[in-house]
Amino acid sequence: MLRKPMPLGRGVINLLVKYSPQRSDRTLSYDFNGDTITATLGGEIDTFDFSEMPDGEAAQIESTLNPCPVLEARRVNGHLEVTLLRFHGPKASSEERFPQPEEVNDDG
């Protein structure tokens, strides 16, 4: 399991987020804080802390949410890259159906 307390005093962390779109009427949102991702799925919350993860891929990502919204996580040269589920509705735009990766910094 990859949930540990986040250390204080970390600098700006670059996080590359790739999304895997899926048609659903459920709501799914994310909050980012450094190497920690908080997912809210239909009102239920789970936090994933990758701050202690070394370079390489996460072997197993466990969640109390169903489905687990973090599909994969890996660290390359110290930078975290994750693939997250992203739900969209029946009349989703092209951007929602084919989201571009985004870089998230812990300063917003």
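## Strands, core and loops of a predicted model

Proline 67 is placed in the loop that connects β5 and β6. The peptide bond between asparagine 66 and proline 67 is cis, with an omega of about 5 degrees. These and the other values below refer to a predicted model.

The chain contains eight strands and one helix. Read from the N terminus, the order of elements is β-β-β-β-β-β-β-α-β. The chain has 108 residues, and 34% of them are buried. Of the contacts between residues at least 6 apart in sequence, 56% link residues at least 24 apart. The exposed area of the chain is about 6600 Å², of which 47% comes from carbon and sulfur atoms.

**Sheet and hairpin**

An open sheet is built from five strands, in the order β5-β6-β7-β1-β8, and its pairing is mixed. The edges are held by β5 (56-57) and β8 (102-105); each has a single partner strand, so one side of each has no neighbour in the sheet. Within this order, β6 and β7 run antiparallel and are joined by six bridges. Across these strands, alanine 73 faces valine 82 of β7.

Strands β2 and β3 also run antiparallel, again with six bridges. Together β2 and β3 make a hairpin with two residues between them. Asparagine 33 has threonine 36 of β3 as its bridge partner. In the turn, glycine 34 takes a positive phi of about 65 degrees.

The two antiparallel pairs are set side by side here.

| Strand | Partner strand | Bridges |
|---|---|---|
| β2 (residues 28-33) | β3 (residues 36-41) | six bridges |
| β6 (residues 70-76) | β7 (residues 79-88) | six bridges |

A positive phi also occurs at asparagine 77, which is not a glycine; its value is about 50 degrees. Asparagine 77 belongs to the loop between β6 and β7. With a relative accessible area of 67%, asparagine 77 is exposed, because the cut-off for that class is over 50%.

**Nonpolar core**

In soluble globular proteins, nonpolar side chains tend to be buried together. In this model, the largest nonpolar core has 22 residues, and the members that touch the most others are Tyr30, Phe50, Val82 and Leu84. Two or more residues of this core come from each of β1 (14-23), β2, β3, β6 and β7. Strand β7 gives the largest share, five residues. Val82, one of the members with the most contacts to others in the core, is also the residue opposite alanine 73.

**Aromatic residues**

The model has two aromatic pairs. One of them is formed by tyrosine 19 and tyrosine 30, whose ring centres are 6.5 Å apart and whose planes meet at 45 degrees, a tilted arrangement. Tyrosine 19 is in strand β1 and tyrosine 30 in strand β2, so this pair ties together parts that lie eleven residues apart in sequence. Tyrosine 19 and tyrosine 30 are both buried. With Phe32, the residues Tyr19 and Tyr30 make up one aromatic cluster.

Tyrosine 19 has a further partner in arginine 86, whose charged end sits over the tyrosine ring at 3.8 Å from the ring centre. Tyrosine 30 is in turn among the residues that touch the most other members of the largest nonpolar core.

Note on methods
Residues are numbered from 1 along each chain as its sequence is written. This is a predicted model: local features need pLDDT of at least 70, side-chain atom pairs count only at pLDDT 80 or more; totals for chains, interfaces and linings use all residues. Side-chain values use heavy atoms; hydrogens and water are left out. Two strands pair if DSSP finds at least two bridges between them. Helices (H or I, at least four residues) and strands (E, at least two) are DSSP runs, numbered from the N terminus. A nonpolar core is a set of buried Ala, Val, Leu, Ile, Met, Phe, Trp, Tyr and Cys residues joined through side-chain atoms within 4.5 Å. Buried means under 20% relative accessible area, exposed over 50%, partly exposed in between (1.4 Å probe, protein chains only). Rings of Phe, Tyr and Trp (its six-membered ring) pair if their centres lie within 6.5 Å; planes under 30 degrees apart count as stacked, over 60 as edge-to-face and the rest as tilted. A charge sits over a ring if NZ of Lys or CZ of Arg is within 6 Å of the ring centre and within 35 degrees of the ring normal. Contact means heavy atoms within 4.5 Å. Accessible areas come from the Shrake-Rupley method with a 1.4 Å probe; for residues, only the protein chains shown count as cover.
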